[in-house]
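Here are my notes on the model you sent, as numbered points. Please read them with the structure open.

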Amino acid sequence: MEEFILKLANEDKKLSCAAAFKIAKELDIDILEVGKKADEMGIKISNCELGQFGKFKHDTQKDDIDIFLKIKPFLDEKNRINCMEARNIAKQTKGFKAIRGVLKSHKIDVKYCKLGCFKEKKGKKVVVKTKIWIENSDGELLFGKGKTEVLDVIDQTGSIKKAAELLDMNYKKCWNHLKILEKNFDNELFETKPGGGKGAGTSLKPKAHELMKAYKQLQADIEEFSNKRFKELFLNK
């Protein structure tokens, strides 16, 4: 194993994540053994294929809703996914380059590195959680994370039917989400062209994009403030 590691390590005594997995496959051994041996030899693992450390050129930052929806069931309460599960999804979908973009776009961390590159911290970490939604004067839900997700998926798939399938939602419920939004914001948010030819399907109008952008910005601003205030009130004493 040492010979393989030395052969594939670079001049800076770094072995890429991809090279480490290649060694494990070639020698038919547990990948963790490669990580341990590299550590013993003073060789660091670099360029995590899931984008947790190192640098990759030309990584796509485009969100891919199909990949995200495959990742979603595996996320824990801290928005993390196991290394093994993330790697399996990458192999089943569009590869590591695509999954890196999705993980970064949705701020998803990876835990339990198969190479043992980062350890889980012992003890319980205290975090603050926020959830934002918009209601009318009667207390009826107008807009929130769920409706934003519906618009996002329709925007990427160009189809209400496809969006409903991906979100595990019946078509009528998905359609109702859209009509409720249009009614409450008094604006047309989407356009549907029937048929199966070029140009057919559903596309979002500028107002829908404005709503999504505004909601995401509001969510980000509130999270930033709440995290800062939480640290001031709870962690700096």
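1. Cysteines and disulfides. In this predicted model, the cysteine sulfur closest to that of Cys-48 belongs to Cys-17, and the two are 5.2 Å apart. A disulfide needs the sulfur atoms within 2.5 Å, so the distance of 5.2 Å is too far for a bond. A search of the whole structure likewise gives 0 disulfides. For background, a disulfide is a covalent bond that joins the sulfur atoms of two cysteines.

2. Burial of the cysteines. Is Cys-48 buried or exposed? Cys-48 has 7% relative accessibility and therefore counts as buried, the cut-off being under 20%. Cys-174 is buried as well, with a relative accessible area of 0%.

3. His-177. This histidine sits in helix α9, which covers residues 171-185. Its relative accessibility is 16%, so His-177 is classed as buried. Which residues does His-177 contact, leaving aside neighbours within four places in sequence? They are Lys-147, Val-150 and Met-169.

4. Ile-99. Helix α6 holds Ile-99, and that helix runs over residues 96-105. With 0% relative accessibility, Ile-99 counts as buried. Residues up to four places away in sequence aside, Ile-99 touches Leu-50, Ile-67, Ile-71, Ala-86, Ile-89 and Ala-90. One of these partners, Ile-71, is 28 residues away along the chain, and its C-alpha atom is separated from that of Ile-99 by 9.3 Å. The contact between Ile-99 and Ile-71 rests on heavy atoms, whereas the 9.3 Å refers to the C-alpha atoms.

5. Lys-107. Please look at the backbone here. Phi of Lys-107 is near 55 degrees, which is a positive value in a residue other than glycine. Lys-107 lies in the loop that links α6 to β4, the latter being residues 109-111. Is Lys-107 buried or exposed? At 63% relative accessibility, Lys-107 counts as exposed, because the cut-off is over 50%.

6. Asp-186. Another positive phi is found at Asp-186, a residue other than glycine, with a value near 50 degrees. Asp-186 belongs to the loop between α9 and β7, and β7 covers residues 190-193. The relative accessible area of Asp-186 is 68%, so this residue is exposed.

7. Overall fold and dimensions. How many helices and strands does the protein chain have? There are 10 helices and 8 strands. The radius of gyration of the protein chain is 22 Å, against a value near 18 Å for a compact globule of 237 residues. The C-alpha trace spans about 65 × 60 × 30 Å along its principal axes. Of the contacts in the protein chain with a separation of 6 or more, 62% join residues 24 or more positions apart.

8. Surface and charge. Buried residues are 34% of the 237 residues in the protein chain. The accessible surface is about 15800 Å², and carbon and sulfur atoms contribute 50% of that surface. The protein chain carries 49 positive and 37 negative charges, and the mean positions of the two sets are 1 Å apart.

How values were computed:
Residues numbered from 1 in each chain as written. Predicted model: local features only at pLDDT ≥ 70, side-chain atom pairs only at ≥ 80, totals over all residues. Heavy atoms only, no water. Helix = DSSP H or I, 4+ residues; strand = E, 2+ residues; numbered from the N terminus. Rg over C-alpha atoms; globule rule 2.2 N^0.38 Å. Buried < 20%, exposed > 50% of the residue type's maximum accessible area, 1.4 Å probe, protein only. Contact = heavy atoms within 4.5 Å. Areas by Shrake-Rupley, 256 points an atom, 1.4 Å probe, with all protein chains shown as cover. Lys, Arg positive; Asp, Glu negative; His and termini not counted. Charge placed at Lys NZ, Arg CZ, Asp CG, Glu CD.
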